[in-house]
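Me: I'm new to this one and keep tripping over the labels people use. Can we go through a few of them together?

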Amino acid sequence: MRDGADVSSSGSPDRADAFTPTKETRLDRSTDKNTERPFWSRVCSLFGGRSGDSLEQAVLEARDEGELDTEEGSMILSILRLDDMQVQDIMTPRTDFDCMPSGAPVSDVARTIMETGHSRIPIYQDTRDNIIGIAYAKDLLALLVDPERHASPVNEIMRPPVFVPETKLVSELLQEFRTRKNHIAIAVDEYGGTSGLATIEDILEQIVGDIEDEHDAPREEEIRKLADGRYELSGRAYLEDLEDLGIHLETEEVDTIGGYLCLEAGHVPQAGEEFRFDAWLFTIAEADVKQIRRVVAEHSPEPVEA
């Protein structure tokens, strides 16, 4: 992965600094087809000296008036909103990222890297809640070229992990990645337990949208409308996203529909269990002992008693 554009300043990020062209960004190579003016030169001339909410409002106005095209305006707004996002909003949860146990032979780790397409694999001791290192694909090469070292433990070449609080601002994490020249971090909760993994790609996807390569499996839609008018929901669909469907479930304790149904049930519901909230009926379509995977939501007002 190449280093991303410089979108934050050192220390506490100032939104206005995100539009100061630098040699690292080299974004001045991007020109507007109509004006032939470098993209970031136009941005600086339009918004120089503005910051905070006034800058965001100015971007919206410039996009609406055609001074910036839709894609440019959306990208700038995404950069500004990194200040409002936390690592936990973009990370891959602990239960979902690939990792290998301490002491695993480098040949096994290399096989996992080939199968997953990842260039870096976390290494854990005893449980994945205890990440002790990161194995880099390029570091494995020195051992793989020597058949006698294929059984060497991965601990010989793993690097120390970088830990960040899950509440860290994404803009600050990007700056830390650039400063450390590191592209992967382990997010930890307030008790020191592993909560997830965040990479520079996760941050860039917040700016430019999903980045998929030949190794990425197709992503399942979190909300999918069925032919009969019902909705199939991923257990990880955010409650706030369900509001667009007219589903309003409020709680301060969880963020997803799967978490909400577990909270209400007091256990992990299994396939076939039903829950009714207001005019919506939720049926568990798929679950395992640890989490709800799929839910079907149906708008089904209760009949009015005569």
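Reply: Sure, let's start with a term: a salt bridge is a side-chain nitrogen of Lys or Arg within 4 Å of a carboxyl oxygen of Asp or Glu. Keep in mind that this is a predicted model.

Me: What makes R159 and D139 a salt bridge?

Reply: Their side chains meet at 2.8 Å, N to O. The cut-off is within 4 Å, so the pair qualifies. R159 sits in the loop between helix 6 (137-144) and strand 5, while D139 is in helix 6, so the pair ties together parts that are 20 residues apart in sequence.

Me: Why is R159 called partly exposed?

Reply: Its relative accessibility is 32%. Buried means under 20% and exposed means over 50%, so R159 falls in between.

Me: How do you know that R294 forms a salt bridge with E232?

Reply: The closest N and O atoms are 2.6 Å apart, and the limit is 4 Å, so that counts. The two are in distant parts of the chain: R294 is in strand 12 (residues 292-299) and E232 in strand 9 (residues 231-234), 62 residues apart.

Me: Is E232 buried or exposed?

Reply: Buried: E232 has 15% relative accessibility, and the cut-off is under 20%. R294 has 25%, so R294 is partly exposed instead.

Me: What else does R294 pair with?

Reply: E286 forms a salt bridge with R294, with the closest N and O atoms 2.9 Å apart. E286 has a relative accessible area of 33%, so E286 is partly exposed. Salt bridges that share partners join R224, E232, E286 and R294 into one network. Across the whole structure, a search finds twelve salt bridges.

Me: Why is D255 called exposed?

Reply: D255 has a relative accessible area of 55%, and exposed means over 50%, so the label fits. D255 lies in the loop between helix 9 (239-242) and helix 10 (257-265). D255 also belongs to a negative surface patch, with E250, E252 and E253 among the other members.

Me: What makes strand 6 mostly covered?

Reply: Five of its five residues (184-188) are buried. I184, I186 and V188 point one way, A185 and A187 the other way.

Me: How do you know that strand 5 and strand 6 pair?

Reply: Pairing takes at least two bridges, and three join these parallel strands, so they pair. F163 has I186 as its bridge partner, and P165 has V188. The open sheet runs in the order 1-7-6-5, with strand 1 (92-93) and strand 5 as its edges.

Terms used:
Residues numbered from 1 in each chain as written. Predicted model: local features only at pLDDT ≥ 70, side-chain atom pairs only at ≥ 80, totals over all residues. Heavy atoms only, no water. Patch = residues over 30% accessible without salt bridge, like charges linked within 9 Å, V, L, I, M, F, W, Y side chains within 5 Å. Areas by Shrake-Rupley, 256 points an atom, 1.4 Å probe, with all protein chains shown as cover. Lys, Arg positive; Asp, Glu negative; His and termini not counted. Charge placed at Lys NZ, Arg CZ, Asp CG, Glu CD. Helix = DSSP H or I, 4+ residues; strand = E, 2+ residues; numbered from the N terminus. Buried < 20%, exposed > 50% of the residue type's maximum accessible area, 1.4 Å probe, protein only.
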